[in-house]
Amino acid sequence: MKFTLSWLKDHLETEATLDQITEALTDLGLEVEEVDDPAARLGAFRIARIIEASPHPDADRLRLCRVEVLDGESRDEVQVVCGAPNARGGMVGVFAPVGTHIPGTGMDLKPGVIRGQQSNGMMCSERELEISDDHQGIIELPGDAPLGARYIDYAGLNDPMIYIKVTPNRPDALGVRGVARDLAARGLGRLKPLEIEPVAGRFDSKLKVQIDPELKEKGCPLFMGRTIRGVKNGPSPDWMQKRLKAIGLRPISALVDITNYFTFALNRPLHVFDLAKVQGDTLRIHPAGGGEEILALDGKSYTFAPGMMAISDDSGVESIAGIMGGEHSGCTEETVDVFLESAYWDPITVAATGRALKVNSDARYRFERGVDPAFTGPGLELATRMILDLCGGEPSHVVSDGAVPDTRRSHEFDAGAMARLVGMDIPEEAQRETLAALGFRLEGNKAFPPSWRPDIQGPADLVEEVARIASLTRLEGAPLRRPAGVPAPILTQMQKRERMARRTLASLGYHECITYSFIEDEAARLFGGGDAAVALENPISSEMTHLRPDLLPGLLQAAARNQARGFMDVALFELGPVFHGGEPAEEAQHATGLLVGHAGPRDPHGSQRAVDLFDARADAEAVLAALGAPAKQQIDRAAPGWFHPGRAGRLTLGPKKALAWFGEVHPRILRAFGIKGAAVAFTLHPAELPQPRAASATRAALELSDLQAVERDFAFVLDARTEAQAVVNAAQGADKALIESVRVFDEFAGDKAEAQMGAGRKSLAITVRLQPRERTLTEAEIEAVSSLIVEKVQKATGGTLRG
C-alpha cells in the first residue's frame, strides 16, 4: 500500500513529522517498507537567476553564466559553465551548489575547471532532477519565482511517498483513510470527517443491472451503478496525477484516474463502462458457462471456466467481475456517456477466479481480502460527485440489485482480558476510547465491530486492537507459569506422519538429506516439470531456475557427490514439498528414499548383492505400515517415467488413490546424474493415507481368532501374459471378510508348459487362507468359497482350473 504525506493529511489533521508518522505506522503493525522523501534528494536545489550569460572563450557551445544565488539574507554570485542552448541573462532557473548530489547523473558536484574556466555549481534540467526525461535545456521558471527558495517547495514536489506492508487480515488499511484512522487512534492527530452528500439524479438510467439469483447469496450480494451523460474525459488534474505517479500508477484519463484514486484513497474499487459500447439495456452479473473469452484492460485475453463470475451485456462478457474490466467497453477521450459501477464481491470467489486465470489487479487484491460492504453506496455517491466536478455531466438515479450484506456481530468486551492475555495494564476507559476511535460501537459489555473490519472475530481480537494502538513496546517481559498436568498434543496428523516417516526411514538405515527446492531446467524436465508455471523470476543461480517436481533429483545429486568421494553404496531419504504449478494447491508433501549400490558389505559367504526393486518395495511398505496405512494394498505398473518400465510399480488403495511408487531408476536418469551401479527408489504420498477413524493414545487391541484357519490351493491355466496380481486380486475379492490372505506359490511357464497346456499358456498356483471368526467352517462352506474363488478368477482373467 502506497500513499503520499499530503494524501494522508487529506484525512488526518496532524502536526506530526514524517519520522513520527513512519515510526508509529510500524509500531501499529503497518510495517513501513520504504519512504521516498523528495526533500532528501532534491532539497539542496534552489531557485536562482542568471545575471549574465556570455560565450565561452574556448568552446562554441558553452556559456559562462554569472548566477545570483540567495540564501536567507545573504546574496552571492557564482560562475557556472553551462552548455544549455536556452541559458541567457535574466533567466530564472534551478541551481545546484557545489556538494549537491545530482540524482539524474549519480554524481556529486565539485568545483571544477572546464576549458580553462572555473565552474562552481550547475544549472539543472528536468532529467537531472529525475522529474522527466527532458534535457534539451535547463529548467526555465517564471520571472517572479522566489529567488533562494527550495525548488521542490515552489514546484509542489515536496510530498514524501510512504510504502507500508499490509497483512492479509487488515483490508481496511488498503485505503489511505484506514491508515489515517489508525494514526488518529494512536493520538497523532484527528481523523477528519468524511462528508457524503447524495447526488440527486436527474433522469432514469436506461441501463439496468441484474444479479442472477444463485449469485446473490454468495458471489455478488450487491451491485449498484448510475449513468452519467455528457462527461468530458480529458486529463485528470495535476494534483491527482502527481499522487498517482508517486505511488507508481500511470495517469490515463480523468475517468480512469478517479477510479484508481478511490481504490487507494478509500479502499473502494470502482469501474466505469463506456455506455456507447454497452449493448442492450441490462448489465447481467452471472456465473460463466465456460469458454467465454474477454480481452481485458491489461491487453491480455482470458477464457472463463464454468462458475466464474462475469458481467455481460447483450453482446457478451464485458468484465471479469471484481477483478478487471474489458477493453471493449473501456473509456477513451471520445467517451461522452458512462455507467459508473460500485459493487460488493465475495472474497473467496474473486480469489479463486484470480488464481485460476492468473490475473492480478488492485481491485482483486482488495476484494479478495474484503472491502467494506456498507460503503458500496456511499462510495458511488462520492465518486459521482468527483466525476461531476472534474468531468462535468448529468447523473441519473441510482440503479441497483441485491442488498448490503449483514455484517452485524458483537463480541463480549472484558477489560480484564487485557492483563490476562497480553500482560498490559490499561484502564477500562482508555480501552473503550481506543475501540471507539477505531470505529467500534460499545453498548455495555458488548462491542460491535465496524463493517470495514472483517478480521474481528472474537473477544481476543478486541484485546489485540487495544494493545496494538497502545503499543506493544509497553509490554514488560515476565516468566510464563508452568502448566499443571500433561499438556494436550498440538501436532497435526500430517506432522505426526512426517515425524513417524523420518524415524522409520532412519531405523531402516537411511540418512536424511535436506536439499534445495530449486533445480535446473534440464533436471526438472526429466521428472515431468520445467514449465513456465514453476520457473523462478529471479533465480539465485543457473542451476536453481525451477521449483522441483520431485525429491529424487536432489537425492540423485547427493548420491553422485558421495560416489565421487568414494562412497559407492548410499541410502538417502528426504521429506519435503514438490511443486506441479505456481499455485498453493499445486504443492504436495512427499517422502522419497534412494538406495544406490549394494544391499550390504562384502563377506566371506559371497552374500553381497545389488539393490533391487524388492528392497525399495519392502522399505516403502514398512514406512506405510508405520504410518498406519491399510494392510491390504494393490500393486499396479503405473509408475512415473523416471522409473524403469517393467521394473517398477505403484502401491494403491484403488485406481485413484496412489500411496507410493517404487522401482529401479531409469538408466537414462542415472546417466544424466552420473550415478554408477544399480539404483532403486520409492516415493510416498503421506497426504493420501486415509485419516484414522478414531483418535486414541493407545494401539487397538490385537484381534486373534481361536478357530482353526483353512488353506486351499488352486492352480489356474492362464494366458501367458496374465499378471499374477490380477489372479490374487480376483481371489481376494471372493469373500473379503473370510479370506485372510492370498499368496502365489508356483508358476509353470515356458516351452514345457506350452507343450502340455497349449501355445501362449501358463499355470499359476495360489494358496488361499480362510480364517473364520465366529465358528468353524463346514466342508460345504469351504467348497462354496472355493467355487466362488474359481468363478471370480475365471471372470477376471479368463483362466480355468487346472485338472
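This is a short chat about aromatic rings in a predicted model.

Visitor: What are the ground rules for this model?
Guide: The model is predicted, with local features needing pLDDT of at least 70 and side-chain atom pairs counting only at pLDDT 80 or more, while totals for chains, interfaces and linings use all residues. Residues are numbered from 1 along each chain as its sequence is written, and side-chain values use heavy atoms, leaving out hydrogens and water.

Visitor: How many aromatic pairs are there?
Guide: The count is eight. Rings of Phe, Tyr and Trp (its six-membered ring) pair if their centres lie within 6.5 Å; planes under 30 degrees apart count as stacked, over 60 as edge-to-face and the rest as tilted.

Visitor: Why is the pair Phe 527 and Phe 673 edge-to-face?
Guide: The planes are at 65° and the centres 6.2 Å apart, so the pair is edge-to-face. Phe 527 lies in the loop between α16 (521-526) and β32 (546-547) and Phe 673 in helix α19 (residues 667-673), so the pair ties together parts 146 residues apart in sequence. Helices (H or I, at least four residues) and strands (E, at least two) are DSSP runs, numbered from the N terminus.

Visitor: Are those two buried or exposed?
Guide: Both Phe 527 and Phe 673 are buried (under 20% relative accessible area; exposed is over 50%, partly exposed in between; 1.4 Å probe, protein chains only).

Visitor: Which residues do ring pairs link into a cluster?
Guide: Phe 527, Trp 642, Trp 661 and Phe 673.

Visitor: New topic. Where does Arg 369 lie?
Guide: Arg 369 is over the face of Tyr 365, 3.7 Å from the ring centre. The charged end of Arg 441 sits over the ring of Phe 448, at 4.1 Å from its centre. The rule asks for NZ of Lys or CZ of Arg within 6 Å of the ring centre and within 35 degrees of the ring normal.
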